[in-house]
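Here is a short set of exercises to work through with the model open beside you. Try each task before you read its solution.

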Amino acid sequence: MKYIKAFSQIGIRDIALVGGKNAALGEMLSGLSRTGLKIPDGFAITADAYRYHLEVNGLVPQITDALSGIDERNTPMVAMVGSKIRNFIMHANLPKEIIAEISVAYREFCAQHGANTPVAVRGSTTAVDVPGVSFSGQQESYMNIYGVENLINASKRTFASMYTDRAIVYRMARGISHTDAALSIGVQKMVRSDQGASGTLYTLETESGFRDVVYICASHGLGESITQGKVDPDEYYVSKVVVTPNTRPIISKYLGGKHTKTIFAADGAAGISTRTIATTGEERDRFALLDDDIFKLARCGMVIEKYFTNKFQRDMAMDIEWAKDGLSGELFIVQARPEATGAPRAEANELPHYQLAAEASMLCTGRRVGQGVVSGTARVITDPSRMHELKQGEILVTDSTDADWEPALQMAAGVITNHGGRNCHAAIFARKMAIPGVIGAGDATQHIKSGGVITLLCTAGGTGSVHTGKLTATTTTDDLSALPQPDTHIMLNLSHPDQAFELSRLPVDGVGLVRLEHIISDTIRVHPRAILEYDTLEPALQDLIKPLTRGYSNPQEFFIQRLAEGIATIAAAFFPRPVIVRLSDFKSSEYACLIGGSQFEPEEKNPVLGWRGAGRYHTEDFLRCFIMECTALRLVRETMGLNNVAILMPFARTVQEACKVLDIMATQSLVRGEKGLQIFLMCETPANVMLADQFLEHFDGFSIGSNDLTQLTLGVDQDSDLLADFDARDLSVMKLMELAIHACNKRNKYIGICGDAPSKYAEITRWLVQQGIKSISLNPDAAVSMIKTIAQTEQTLGKRS
């Protein structure tokens with residue numbers, strides 16, 4: 001047939017004929033079916049059919065005339081012109097040759113797949129997606145279409161959607177000719193994801209551009225709920241670098257709200273083929289995908305990425321849509337294209353820092369999109385028909401956006417939504433326009449007053465925040481390309497997983513300190529004994545804990561999985577560089593602040609010198625809590641395959657106490673030297689230094705904790721304002737650090753420092769290098785300046801070549 005091509009007949013070579021979307025489907029169908037990848041069958045209505053429809057009906061001059069003098073910044077004008085052109089196309093008769101071929105193709109398709117087979121009808125533009133230019137979402141898509149008449153009607157509507165308001169504005173903003181671009185249509189067998197799940201998959205982390213993970217969003221029902229930002233989806237990250245037949249590196253799982261889902265409607269006529277309904281409590285409280293599905297999808301994404309990278313002979317991160325059939329349980333890939341959701345991102349060799357001049361009250365938080373600080377007038381718009389009220393430079397506050405919002409969004413200085421994930425429409429568009437966004441803020445439209453001045457803070461990590469009033473910030477940028485490479489190993493102190501992907505760009509040798517207590521307090525929030533003894537807690541406490549453990553079979557699984565995921569995210573970001581994880585070192589007063597903590601913690605007069613660190617782990621009241629930590633670490637190293645994780649034991653007062661803890665760890669298959677595991681000791685008491693040789697018999701080295709070592713050497717409380725003049729520069733503290741360094745070097749053991757001193761004091765950093773320390777772990781904001789200091793010191797000593 002002249003205007004129809006089966007997917008099996010087309011490939012990348014045919015983009016000009018069938019568009020990028022259809023060409024990619026055909027390419028995968030022919031090139032990847034042998035790998036087990038499942039692509040729903042279908043056919044393409046070619047771009048020649050679109051051109052012929054316009055030509056036969058004399059529409060090109062009418063379209064050109066309607067577009068003359070249009071201003072893409074004038075939303076009402078764009079809407080009027082777009083509606084006019086779409087009416088031209090819809091009211092013109094589709095040529096009988098095209099109708100005949102569509103009818104024959106669909107009947108043959110149904111003969112193969114069943115009578116009245118439901119299909120998806122999607123536009124596929126002949127202009128090619130490139131970084132920063134993506135035609136995703138520019139044209140309409142229709143789901144659950146069946147019957148020849150409905151298919152012809154949906155095809156005509158799809159042709160007309162070449163001139164949606166958003167498509168007109170998008171092409172004009174990027175200098176793309178309206179008449180040069182053409183549209184093909186993909187007709188694809190529907191996957192019964194209305195009874196299963198669907199979503200998106202990216203072969204990179206879209207916010208930072210980190211390339212070593214697969215990022216998956218999932219929700220119940222059809223996928224348009226995610227792309228249009230109607231739901232807060234589940235989110236999953238899988239590490240690419242340790243995928244083997246024996247590992248399952250699902251490094252992070254986030255349970256989204258998923259309050260609605262889109263399903264098939266009763267009939268398949270275009271426009272009423274789907275409907276949105278509320279999800280059940282059971283659906284909201286479970287992940288949309290099983291772990292097996294997550295891992296299978298990640299592998300599919302990696303296979304597709306590798307195939308297209310080889311095909312085009314350049315790095316090709318991919319943007320993929322998938323669907324899980326609720327009847328068969330099978331996973332299908334329904335679309336794939338080059339990833340273009342985020343450019344421009346921060347340059348790989350630049351690291352920005354933001355310093356606020358003042359603070360203001362916070363209105364709401366959500367997922368951070370983009371980077372920067374922006375202030376402006378808030379414009380709350382909950383009805384899309386009022387989007388023209390948004391003025392240039394204002395900050396849009398709304399429930400969610402879809403592609404119809406794009407003409408108005410061109411004017412926004414920032415965007416805030418109640419719903420949506422990191423790759424919903426609002427998030428993708430904010431990245432394209434290089435504006436900050438706070439996505440999925442919950443109830444932003446209720447807390448933010450329209451017309452008031454607000455500030456968006458999107459500076460670091462995964463969370464963005466919205467504040468009252470105008471805040472200013474000083475921005476500095478570190479140039480990473482010009483940094484020297486010292487002989488001394490430079491490590492980072494990093495305990496917030498949501499910063500790991502971005503900070504992995506720093507030219508460091510690994511992570512010298514991950515504090516488990518930060519992961520526990522930020523992502524778990526519950527005392528470990530309250531987790532273990534959940535069934536005995538008062539109902540009020542149970543009510544606080546229960547919502548946090550949604551998606552998990554029991555509270556213990558929640559604690560272990562969330563702790564493992566926090567560790568794994570950092571380990572995967574820096575793999576294969578070493579990541580040293582310190583076992584929990586809460587003081588009793590800090591543990592008491594966790595949910596349920598007050599009933600399990602003693603009231604100590606000086607918690608710094610009390611029940612903490614290694615002194616807790618072997619006691620009857622804490623042993624089971626410690627075993628949960630060990631289980632999480634084993635899960636990261638063995639199940640996920642992240643064997644770059646080493647363990648750091650804190651606050652061991654005696655050799656005997658340290659050995660008790662090592663024995664417990666051994667019962668949990670965490671044995672020093674087995675499977676490459678290294679175990680280090682925090683050197684933070686004078687006893688650790690004075691008995692260094694005895695301690696080092698049982699450990700692979702020391703990491704100096706300068707804060708506690710200072711307190712215990714000088715007998716000061718560093719939290720006291722009355723004793724603020726004492727720090728690690730005191731000669732007695734420096735003497736103990738010198739002895740620790742020499743003891744480790746003498747035995748050829750690891751010796752590093754992870755306390756604050758080298759991040760604060762350049763003179764301490766220089767002195768440590770002079771003493772022959774092997775590794776210095778720095779706070780991220782001090783890393784660049786101190787790397788230069790270390791290199792200069794080494795040059796003075798003649799250490800560097």
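**Exercise 1. Place Thr459 in its surroundings.**

Task: Is Thr459 buried, partly exposed or exposed?

Solution. Start with the accessibility: Thr459 has 27% relative accessibility, so it counts as partly exposed. The classes are buried under 20% relative accessible area, exposed over 50%, and partly exposed in between, with a 1.4 Å probe and protein chains only. Next, find its element: Thr459 sits in the loop between strand S20 (453-458) and S21. Helices (H or I, at least four residues) and strands (E, at least two) are DSSP runs, numbered from the N terminus. Then list its contacts, meaning heavy atoms within 4.5 Å. Beyond its neighbours within four places in sequence, Thr459 is in contact with Tyr354, Arg368, Gln371, Gly372 and Val373. Finally, take one distance: Thr459 and Glu321 are 29 Å apart, C-alpha to C-alpha, and 138 residues apart in sequence.

A word on the ground rules: this is a predicted model, in which local features need pLDDT of at least 70 and side-chain atom pairs count only at pLDDT 80 or more, while totals for chains, interfaces and linings use all residues. Residues are numbered from 1 along each chain as its sequence is written, and side-chain values use heavy atoms, leaving out hydrogens and water.

**Exercise 2. Trace the barrel.**

Task: In what order do the strands of the closed barrel run?

Solution. Two strands pair if DSSP finds at least two bridges between them. Following the pairs, you get seven strands in the order S15-S19-S18-S17-S16-S20-S21, with mixed pairing. The twist averages 35° from one strand to the next; axes are lines fitted to C-alpha atoms, for helices over the stretch in contact, and angles run from 0 to 180 degrees between N-to-C directions. Now look at S15 (residues 362-369): five bridges join it to the antiparallel strand S21 (residues 463-468). Gly366 has Gly464 as its bridge partner there, and Arg367 stands opposite Thr463. S15 also pairs with S19 (residues 437-439), antiparallel, over three bridges. Arg367 has Ile439 as its bridge partner in S19.

**Exercise 3. Read the open sheet.**

Task: Which strands stand at the edges of the open sheet?

Solution. Write down the order: five strands, S1-S2-S5-S3-S4, with antiparallel pairing. Strand S1 (4-6) and strand S4 (141-145) are at the edges; each has a single partner strand, so one side of each is left without a neighbour in the sheet. The twist here averages 25° from one strand to the next. Seven bridges join S3 (residues 119-125) to the antiparallel S5 (residues 183-189), and Val119 stands opposite Lys189. Now add the helices. H5 (residues 96-113) packs on the sheet, touching S1, S2, S3 and S5, and its direction makes about 175° with that of S2. H1 (residues 15-31) lies across S1, S2 (42-45), S3 and S5, at about 125° to S3.

**Exercise 4. Explore the core.**

Task: Which residues touch the most other members of the largest nonpolar core?

Solution. A nonpolar core is a set of buried Ala, Val, Leu, Ile, Met, Phe, Trp, Tyr and Cys residues joined through side-chain atoms within 4.5 Å. Of the 163 residues in the largest one, Met28, Ile304, Trp322, Met649, Met665 and Phe702 touch the most other members. Helix H18 (residues 555-574) gives the most to this core, with 12 residues. Another core lies apart from it, with 44 residues, including Phe109 and Val187.
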